[in-house]
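I opened this one to go through the cysteines, the sheet, a helix and the core. Notes follow in the order I looked things up.

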Amino acid sequence: MKTDEASNQWELAAPGWAKWEDVISSAVVSATDMMLDMAGVVKGMHVLDLASGAGTQSIAAAQKVGSSGHVVANDISKTMLHHVQQNASTANLSNISTLLGAVQDLDISPNSFDAVICRFALMLFAEPAIILSNVHQALKPSGKIGVAVFSIPQANQFFVKHMQILLRHAGKSPAPGGPGLFSLGAPGTLKNLFEVNHFVNVEICYLNVVFQMPSATQTLTMIQEAFGAYRAVIGDSPESVQRAAWNEVLDYLKSIETNNGIEAPAEVIVGSAQKPTS
């Protein structure tokens with residue numbers, strides 16, 4: 001996907017993502033905390049948050065680094081970064097700034113960050129190796145990167161089912177080897193990606209989380225409004241095809257709805273790696 005297409009996709013999704021981010025982020029608090037810890041984020045650090053979205057993890061990082069540290073939240077969507085600034089103001093944080101642009105195109109001074117974080121975005125890039133090469137350059141010697149990604153499809157059937165329905169109605173197939181929710185989930189894939197990009201001291205941890213939503217209808221609205229990757233699959237189809245696809249997604253959601261709403265288990269990988277000292 002070209003940069004302008006990606007920018008438009010996430011700009012359209014930004015209001016919905018910001019609206020639902022608390023619901024989404026509450027499910028992955030443990031993964032966020034683990035990512036920050038594995039990246040070594042502590043007081044006084046200068047941290048870069050790549051593809052920050054509305055910035056829940058940026059806020060968490062800013063609270064960790066304190067007033068003597070600083071967090072730069074980067075995203076391709078101007079609206080996303082506006083929400084980062086609003087959220088920082090609400091949290092009374094003055095140690096967050098924003099950087100607009102596609103991650104692969106950022107002009108960052110070498111050796112300028114103590115840590116880099118990237119939560120549930122690295123797997124969506126067509127060329128994650130380029131991202132990690134840029135991160136390697138941006139980190140100070142011995143600086144660390146921490147990421148969170150989804151593991152394999154078999155462990156994340158809730159998300160797989162939606163995509164299968166939308167792809168079938170759209171008459172599309174997932175691009176083999178292309179970016180996607182599970183592109184870095186296979187055993188050894190993330191570790192190898194770090195190592196071929198000259199990182200050391202790689203750590204990989206698996207974590208089970210549960211996404212909890214109040215109802216099937218609200219979950220459908222969240223998916224439609226916030227998840228740009230799903231919208232992109234079906235968005236160029238005729239309206240009748242889109243309507244049929246979303247109706248089937250709703251039927252699926254109703255089939256798993258309980259008195260407690262929707263509870264969707266997922267498996268994520270939290271990984272970290274270090275830039276060598278020399």
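**Cysteines.** To call a disulfide, I need a pair of cysteine sulfur atoms within 2.5 Å. I'm working on a predicted model here. How many disulfides does the count come to by this rule? I get zero. I checked C118 to see why: the closest cysteine sulfur is in C205, at 17 Å, and that is too far for a bond. Coming from the other end, C205 is in no disulfide either, with the sulfur of C118 as its nearest at 17 Å.

Next I asked whether C118 is buried or exposed. C118 is buried, at a relative accessible area of 1%. For C205 I read 26%, which makes it partly exposed.

**Sheet.** I traced the strands and found an open sheet of seven, in the order β3-β2-β1-β4-β5-β7-β6, with mixed pairing. Which are the edge strands? They are β3 (96-100) and β6 (200-213), and each pairs on one side only. I also looked up the twist: neighbouring strands are turned by 20° against each other on average, direction ignored.

Then I went to the β6 end. β6 and β7 run antiparallel, and twelve bridges join them. I picked out one residue, Y206, and its bridge partner in β7 is I269. A reminder to myself: strands of a sheet pair through backbone hydrogen bonds, parallel or antiparallel.

**Helix α5.** I listed the buried residues of α5 (residues 128-138) and got P128, I131, L132, V135, H136 and A138. Why do they end up on the same side of α5? Because they cover an arc of only 165° around the axis. It helps to recall that an α-helix has 3.6 residues a turn, so residues three or four places apart point the same way.

What do the buried residues of α5 pack against? I found β4 (113-119), β5 (139-150) and α7 (189-196).

**Core.** Last, I looked at the largest nonpolar core, which has 94 residues. Which residues touch the most other members? L122 and F211 do. As for elements, strand β7 (residues 262-274) gives the most to this core, with seven residues.

I followed L122 further, not counting residues up to four places away in sequence. L122 touches P128, I131 and L132, and these three are on my list of buried α5 residues. The other contacts of L122 are V147, V149, L184, L190 and L193.

Notes:
Residues numbered from 1 in each chain as written. Predicted model: local features only at pLDDT ≥ 70, side-chain atom pairs only at ≥ 80, totals over all residues. Heavy atoms only, no water. Core = buried A, V, L, I, M, F, W, Y, C linked by side-chain atoms within 4.5 Å. Buried < 20%, exposed > 50% of the residue type's maximum accessible area, 1.4 Å probe, protein only. Helix = DSSP H or I, 4+ residues; strand = E, 2+ residues; numbered from the N terminus. Contact = heavy atoms within 4.5 Å. Arc of directions from axis to C-beta. Pairing = 2+ DSSP bridges. Axes fitted to C-alpha atoms, helices over the stretch in contact; angles between N-to-C directions.
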